[in-house]
Amino acid sequence: MNGVPDKLTVDLHPIFRSDQDIAQAVRAALFRAAGQKVPLVEIITGKGSGKLKARVLAMLKQPHVKKLYWRVEVAPGNDGMVLVHLK
């Protein structure tokens with residue numbers, strides 16, 4: 001065991017109304033995971049209307065964020081979770 005968790009999870013349910021808070025939470029999680037060499041970030045968007053997931057996916061396409069990861073996918077069997085695989 002090297003002490004590095006295999007994933008970091010961010011639950012956006014409590015802050016879903018604020019675009020700024022969402023962007024900040026997602027970025028903070030990605031930078032923290034990258035800094036700690038955690039290979040996977042789970043972003044819980046919930047199933048709802050899909051608007052939150054769409055906002056998260058759009059944010060992940062920004063160039064300064066995109067360079068942190070190699071792949072993004074919606075969790076198999078769980079539409080309410082976005083998986084970000086870090087480099």
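A salt bridge is a side-chain nitrogen of Lys or Arg within 4 Å of a carboxyl oxygen of Asp or Glu. The questions below apply this and related criteria to a predicted model.

Q: What makes Asp-19 and Arg-55 a salt bridge?
A: The closest N and O atoms of Asp-19 and Arg-55 are 2.8 Å apart. The cut-off is 4 Å, so the pair qualifies. Side chains of opposite charge can pair when their charged atoms come close.

Q: Which parts does the pair of Asp-19 and Arg-55 tie together?
A: Asp-19 lies in helix 1 and Arg-55 in helix 2, so the salt bridge joins parts that are 36 residues apart in sequence.

Q: Why are Asp-19 and Arg-55 called partly exposed?
A: Partly exposed covers values between the limits of 20% and 50% relative accessible area. Asp-19 has 46% and Arg-55 has 33%, so both names apply to values inside that range.

Q: How many salt bridges does a search of the whole structure find?
A: The search finds three. Besides Asp-19 with Arg-55, there is Lys-7 with Glu-42, whose closest N and O atoms are 3.2 Å apart, and Glu-73 with Arg-71, at 3.4 Å. Glu-73 is partly exposed at 21% relative accessibility, and Arg-71 is partly exposed at 34%.

Q: Why is the contact of Glu-42 with Lys-7 called a polar contact as well as a salt bridge?
A: The polar contact between the two side chains is 3.2 Å long. A polar contact requires N or O atoms within 3.5 Å, and a salt bridge allows 4 Å, so the distance of 3.2 Å meets both limits. Lys-7 lies in the segment before strand 1 and Glu-42 in strand 2, so the pair ties together parts that are 35 residues apart in sequence.

Q: How do you know whether Glu-42 is buried or exposed?
A: Glu-42 has a relative accessible area of 11%. Buried means under 20%, so Glu-42 is buried. The residues that Glu-42 touches include Thr-9, Met-81 and Leu-83. Its partner Lys-7, in contrast, is partly exposed, with a relative accessible area of 36%.

Q: What puts the buried residues of helix 1 on the same side?
A: Ile-22, Ala-23, Val-26, Ala-29, Leu-30 and Ala-33 are buried in helix 1. They cover an arc of only 135° around the axis, and therefore lie on the same side of helix 1. Gln-20, Gln-24 and Gly-35 are exposed on the other side. Strand 1, strand 2, helix 2, helix 3 and strand 4 are among what covers the buried residues.

Q: Which residues touch the most other members of the largest nonpolar core?
A: This core has 22 residues, and those with the most contacts to other members are Val-26, Leu-30, Val-41, Ile-43, Leu-60 and Val-84. Helix 1 gives the largest share of the core, six residues. Val-41 touches residues including Leu-8, Ala-29, Leu-30 and Val-84.

Q: What makes the phi of Lys-37 noteworthy?
A: Most residues other than glycine have a negative phi. Lys-37 has a positive phi of about 60° although it is not a glycine. Lys-37 is in the loop between helix 1 and strand 2.

Q: Why is Lys-37 called exposed?
A: The relative accessible area of Lys-37 is 66%. Exposed means over 50%, so Lys-37 is exposed.

Technical notes: Residues numbered from 1 in each chain as written. Predicted model: local features only at pLDDT ≥ 70, side-chain atom pairs only at ≥ 80, totals over all residues. Heavy atoms only, no water. Helix = DSSP H or I, 4+ residues; strand = E, 2+ residues; numbered from the N terminus. Buried < 20%, exposed > 50% of the residue type's maximum accessible area, 1.4 Å probe, protein only. Core = buried A, V, L, I, M, F, W, Y, C linked by side-chain atoms within 4.5 Å. Contact = heavy atoms within 4.5 Å. Arc of directions from axis to C-beta. Polar contact = N/O pair within 3.5 Å; in protein donor to acceptor, adjacent residues only side chain to side chain. Lists of a residue's contacts leave out its neighbours within four places in sequence.
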